[in-house]
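Q: Please take me through one part of this structure in close-up, then follow its surroundings outward. I'd like the cut-offs behind any terms as we go.

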Amino acid sequence: MARSSSKKPPDVPTPDPMPARIEPCVATLVDKPPKGPDWAFEVKWDGYRLAVHIEPGKVRVITRGGYDWTRRFAPIAAEAQQLGHQTLILDGEAVVLDDQGRSDFSMLQRALGRKPSLHDPGEILFFAFDLLYLDGRDLRRRPLVERRRLLELIVAGRAGVIRLSEEIDAAGDEFFRIACERGLEGIVAKRRDKAYHSGRRPDWLKIKCVRRDSFVIVGYEPSTSPGAIGRLLLAARKGEGLVYVGGCGTGWTYQESVKLRELLDAIVTDAPAVALRRRGAVFTRPALVAEVEYRAWTQDGKLRHPSFKGIREIDDDATVFSLDLDV
């Protein structure tokens, strides 16, 4: 009688649990690009940092602050379902490009706005620059060079709303010079051999052509023009509170200024969020965040040559400038 033989089935690796949310890795601001072959360079995109989660039966688009904005980025969510994977987490940036191919935050805001706009939500692109989870495998422990290789297999060559944020094969200082000449916000440098770690890390560096950050609006000074704003009053985080860092009086059209004043007049308060006395100022609850471009800081801790670039949602205010971290 023949003896029946049975082979032991090969061990099947246990899938890694899929995270409900991953706090993003945040680049550290430095003055100049690093040197050496250990660094990869990319364009610094000017938009909303997002994580795209492909899960069994659904797609979620999560903001940097952890909010579900799937409906606001519906075209990105729809295309993510066509990537051919059951589970996946992409890290990247949603942007709108101008006619020179540069990301423009104000154009993105108009495309996302609730009011009629010249810009259609379909113009919003998602540039993926990292792959954190793929088909049951948590990739965060893998080096960047390996995560990028897998990302390129999925996204490279796509011409829809989901695209690859290309690595630039050039020396950092030369790439930075060209980026600034072409009017880009700056560049990002990443260590090729490092794993993905949440929070602000020295493994990722950002080098800006000009500085640009988000500040809490704590009030405004009226303009001499009817119904408009003369200066926004801005604050940064410090400890558990806010500190006044100066006013911003440029960067908007008259029509934009009027709309901004309408928003602020709806949240006027008698209790200023910062210790500030200024005749004629109208103080508001700290419920809106302004994106501001500026050159540097003055010796007394105020913004030098600030220019208004747009409003960010307060419910996603993880990017608000902190004096404890950045100065």
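**A close look at helix H2**

A: Let's start at the N-terminal end of H2, which is capped by Asp104: one of its side-chain oxygens lies 3.0 Å from the backbone nitrogen of Met107. Such a polar contact is a pair of N or O atoms within 3.5 Å, one able to donate a hydrogen and the other to accept it; residues adjacent in sequence count only if both atoms are side-chain atoms. Keep in mind that this is a predicted model, where local features need pLDDT of at least 70 and side-chain atom pairs count only at pLDDT 80 or more, while totals for chains, interfaces and linings use all residues. Residues are numbered from 1 along each chain as its sequence is written, and side-chain values use heavy atoms, leaving out hydrogens and water.

H2 spans residues 105-112, and its buried residues are Phe105, Met107, Leu108, Ala111 and Leu112. They sit on the same side of H2, because they cover an arc of only 160° around the axis, taken from the directions from the helix axis to the C-beta atoms. Buried means under 20% relative accessible area, exposed over 50%, and partly exposed in between, with a 1.4 Å probe and protein chains only. Helices (H or I, at least four residues) and strands (E, at least two) are DSSP runs, numbered from the N terminus.

What covers those residues? The cover includes strands S3 (48-55), S5 (88-95), S11 (211-222), S15 (289-294) and S18 (307-312), with contact meaning heavy atoms within 4.5 Å.

Two of these strands lead further out. S3 pairs with S4 in the antiparallel sense over six bridges; pairing takes at least two DSSP bridges between the strands. Glu55 has Lys58 in S4 as its bridge partner. Two residues lie between the strands of this hairpin, where Gly57 takes a positive phi near 85°. S4 (residues 58-63) is mostly covered, with five of its six residues buried.

S11 leads to the one disulfide in the structure, formed by Cys180 and Cys209 with their sulfur atoms 2.1 Å apart; the cut-off is a pair of cysteine sulfur atoms within 2.5 Å. This pair links distant parts of the chain, 29 residues apart: Cys180 is in helix H4 (residues 172-181), and Cys209 is in the loop between strand S10 (199-208) and S11. The torsion about their S-S bond is about -95°, so the disulfide is left-handed. Cys180 is partly exposed at 29% relative accessible area, and Cys209 is also partly exposed, at 25%.
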